[in-house]
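Biologist: Please take a close look at a single helix and its surroundings. I am a first-year student, so explain each term as you go.

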Amino acid sequence: MGADCAWDLADSGGVVTKKRKLRWLSRAVSFFRNVTGRQKDELDIAAEVSAHLDLLIEEKLRSGMKPDEAERAAQIELGGVEQVKEQVRDARTGEWLDTLARDCRFALRMSRKNSGFTAIVVLTLALGIAANTTVLSWISATLLNPIPGVAQTRGLVTVDRGDRSGYATPPFSYPDLRDLSERTQTFAGLLGYHDDYMSLTGVAKPERIYGALTTANYFDLLGVRPILGRTFLPEEGTPRGGTAVIVIGYAVWQNHFAGDPQIVGKTIQINRHPYTVIGVAPRDFTGCKTGLRTDLWIPLSMDRDVWGSNRLDYRGVVWLNALGKLRAGVTKNQAEAELNLLMQGIVERFPEDHRDRSNEISLDPLWRSPFGINGYLYKILPMLLGLAGVLLLLACANVASLLLVRSVGRRREIAIRLGMGASRKQIIRQFLIESLLLGLLGGTAAIAITVWTSRSLIAFFPPSSLPLTNDAHIDQRVLFVTIAVSVLGAIIFGILPALRSSSTPVQSVLKEEATSVSLTLHKSRLLSGLVVAQISLSLVLLVCAGLFTRSLQKAQQSDPGFEANHLLLASYELSPAGYTRATGVAFNRQVLDRLSALPGVESVTLADFSPLSFSIHSDYLQIEGYVPQPHEWMEISRAIVGPNYFRTLRTSVISGREFTEADSPESQLVAVVNQAFVDRYWPGGNAIGKQVTDGGDRFTIVGVAHNAKYRLLTSPTEPVIYLPMYQAFRPTQDTTIHLRTTGDPRTIAPSVEETIHQLNRELPLFNVNPLSVTMQLGTLFGRVAATFAGAFGLLAMLLAAVGIYGVVAYSTRQRAREIGIRMALGAEKGGIYRLVLDQGLRLTLAGLVVGTALAVAFTRLLKAQLFGVSETDAITFASVGLLLAVVALVACHIPARRATRVDPMVALRHE
């Protein structure tokens with residue numbers, strides 16, 4: 001019995017499944033027939049409705065009605081021929097496609113008919129959407145794609161150590177990183193790398209290329225596969241068994257070796273040492289630091305050959321950046337806790353190598369890694385995206401107000417359509433399709449604009465010694481968001497006019513005169529609310545733009561501690577040319593002697609960095625008389641400078657002296673510190689004569705210099721120690737000429753290059769630029785914020801002006817008869833002018849009040865990004881409010897002036 005029941009149920013289920021399949025098949029056939037055989041179906045529907053109407057008429061005639069009465073009664077009972085046809089069409093499978101096509105054709109005709117209106121709306125939307133897609137393209141290329149060429153970055157984190165309040169510096173020594181990598185259970189692996197410039201030698205003209213020393217698991221952990229050859233083997237990265245091999249970047253392969261397919265196995269020279277090419281990296285892969293392009297990769301074991309040092313054996317020398325890949329299921333907090341536990345054990349075993357340092361380890365996702373440009377962009381770009389979003393809302397409000405104004409002019413059209421049987425749903429659908437068409441046209445135009453604007457970020461990068469790069473473009477992510485924003489924007493600005501128009505009272509609209517139309521418009525709270533929203537949002541954007549602009553001005557007007565005008569910079573590197581410390585010092589002496597003799601040179605010096613270019617170095621120091629706090633990070637900015645450095649930069653020496661030619665390797669080791677150094681480590685004391693230990697060498701302080709800023713103009717002044725070039729020269733680091741001239745520094749650049757080549761014809765000179773140009777890197781992110789916030793603010797002001805002008809002008813046209821009657825009854829032109837002007841000024845005042853409240857709340861988020869100006873700066877708020885009031889006054893003045901010229905007779909005759 002149970003078996004039979006089971007069989008019956010199974011059979012019943014099969015029958016149900018079969019019926020469902022047949023139902024779907026029937027619908028598919030019906031859909032295909034309705035789409036392809038539409039003309040025949042229309043004839044069939046007409047014939048069927050006509051036959052049904054004839055039957056009703058015949059039935060009425062049999063009941064004794066006259067022919068005219070019978071036909072009228074039958075039509076009333078049927079409900080209207082066209083309405084019945086529409087109901088039949090709606091019931092057909094696939095009818096929605098025909099309806100959609102019909103509505104789209106109508107929307108296109110309306111767009112062509114009102115081409116001027118369409119152009120204004122599309123341009124408004126394009127600007128609002130393009131602002132968002134431009135910023136999003138930067139976010140996609142940096143924060144969302146932190147390591148180009150690595151498909152799977154999930155689980156990858158930056159491993160950092162020490163105080164996070166300062167500037168990012170390499171946090172690990174090789175022995176510490178090796179121990180952590182061998183003992184961790186939460187990571188699939190840890191990789192280390194150190195990047196800097198190398199020189200491609202053994203060619204006609206040596207060229208500097210940014211490269212990296214890496215652990216052997218570098219490419220494997222990132223999941224990067226070479227397009228030619230292989231990557232490093234485990235034994236090639238060990239300190240004792242390292243091999244002189246190299247992986248070259250795609251750009252180097254193409255530009256220097258013409259894309260030679262047989263490059264693998266060939267030997268090239270890096271810093272005058274031979275390396276065997278074992279692989280070519282993919283085109284998109286440019287290293288682990290976002291915004292910095294790396295094109296050469298060599299195992300860490302080659303540190304001595306590349307940079308003449310032997311840091312692999314020293315646990316106290318930190319020089320490696322680190323990335324880790326979390327194991328599946330491991331959280332960031334779990335991994336962080338484990339690494340800190342392991343690091344604590346290392347510190348306990350080697351206390352001398354970790355003294356006076358913070359050993360707390362922290363993990364960061366790659367999108368906000370402190371190493372690379374993301375360390376700065378992750379704060380700025382989301383903020384700019386928020387401002388762009390406000391601009392898009394303003395654009396949508398502007399378009400919605402324009403559509404509302406146009407819907408008033410279409411009231412009679414909508415009333416006629418409703419009177420002929422169109423449903424409210426159909427009216428709303430038609431309006432939304434028209435809005436969707438405008439939104440998609442605006443999105444298409446926005447994509448065209450973004451193709452150009454997405455590349456604009458790189459234009460802010462000044463000439464720099466850093467290999468800065470940016471590959472922002474429209475990718476699939478940006479394209480998808482553009483389409484989504486276009487559709488969403490269309491719904492936002494289209495739904496209000498659609499709902500308002502679909503509720504039009506048919507009979508009153510068909511009977512009303514122009515007076516009632518204008519009165520309805522005049523009292524439209526919705527339209528007035530949109531105008532107020534536009535003014536308030538534009539005020540928010542303008543206030544943000546004003547704050548960023550004033551912050552940038554404050555930064556540029558602040559005292560950097562040196563004078564940048566008439567100062568030329570030019571750099572060279574001596575290590576790849578075979579110079580040692582002794583021969584390098586001798587060469588630098590010759591450089592200073594030759595350059596100081598050039599005409600137009602006021603003074604000249606050397607340094608291993610240039611101000612405000614992120615190129616200053618740092619060392620771990622032991623300071624006489626100062627006891628570091630527990631876990632205090634004693635890595636302090638260090639500059640190696642030549643004689644007359646402070647005189648050439650015009651940085652005053654507060655006490656003591658600066659370096660001279662007498663500060664040679666044979667003389668007492670001396671140093672100069674800045675006032676911030678004294679205030680931090682010897683507050684209220686005398687620094688002259690005190691000693692500082694750097695790398696085992698003890699330097700005696702002989703001078704205190706005025707504070708100067710060397711990283712960002714907007715950052716607090718940090719302690720700096722200066723060491724004399726002739727005593728602390730390091731040939732592996734760049735040497736930068738600082739040459740002060742009496743005229744334009746660009747004019748003497750050829751003479752400087754010729755002088756260097758007279759001393760060594762093969763020594764390349766690079767980054768030859770005035771300091772006033774290169775120091776723009778110190779205000780890079782402030783300029784980006786001020787420029788784009790300013791652009792958004794100006795667009796917002798323009799849209800608000802257009803919005804208020806459009807509403808007041810249209811209202812004035814609709815009130816032409818009222819104005820004519822007023823003037824016929826004796827109203828003066830001044831009174832008419834004030835009547836029209838008051839309408840716009842009331843809306844403006846309301847917008848200013850609401851916008852001020854919003855701006856006060858919004859600008860709190862900008863506090864950390866401002867320099868020298870409060871987030872509630874009264875001057876900015878007052879200036880923006882006054883500017884918007886003037887713009888609104890001008891926008892209202894034009895239609896008000898036009899209203900005073902209305903001829904009463906013409907206006908009344910027209911009505």
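Modeller: What follows describes helix α28, then a helix crossing elsewhere, two loop residues and the cysteines. This is a predicted model, in which local features need pLDDT of at least 70 and side-chain atom pairs count only at pLDDT 80 or more, while totals for chains, interfaces and linings use all residues. Residues are numbered from 1 along each chain as its sequence is written, and side-chain values use heavy atoms, with hydrogens and water left out.

Helices (H or I, at least four residues) and strands (E, at least two) are DSSP runs, numbered from the N terminus. Helix α28 covers residues 874-899, which is 26 residues. The expected span of a helix is 1.5 Å times one less than its number of residues. For α28 this gives 38 Å, and the end C-alpha atoms are 37 Å apart, so the two values agree.

α28 has a kink of about 30° at H893, shortly before the proline P895. Such a bend is the angle between axes fitted to the seven residues ending at a residue and the seven starting there.

Buried means under 20% relative accessible area, exposed over 50%, and partly exposed in between (1.4 Å probe, protein chains only). Among the buried residues of α28 are F877, L884, C892 and P895.

Helix α18 (residues 525-557) meets α28: their axes come within 9 Å and cross at roughly 135°. That angle makes α18 oblique to α28. Axes here are lines fitted to C-alpha atoms, for helices over the stretch in contact, and angles run from 0 to 180 degrees between N-to-C directions. Angles under 35 degrees count as roughly parallel, over 145 as roughly antiparallel, 65 to 115 as roughly perpendicular, and the rest as oblique.

Elsewhere, the axes of helix α7 (residues 174-183) and helix α11 (residues 332-349) come within 10 Å and cross at roughly 130°. α7 and α11 are therefore oblique to each other.

Next come the loops. Most residues other than glycine have a negative phi. R272 has a positive phi, near 70°, and lies in the loop between β6 (267-270) and β7 (273-280). R272 is partly exposed, at 48% relative accessible area. L612 also has a positive phi, about 55°, in the loop between β12 (601-607) and β13 (617-623). L612 is buried, at 0%.

Last, the cysteines. A disulfide is a pair of cysteine sulfur atoms within 2.5 Å. By this rule the count is zero. C288 counts as buried at 9% relative accessibility, and C544 is buried at 0%.
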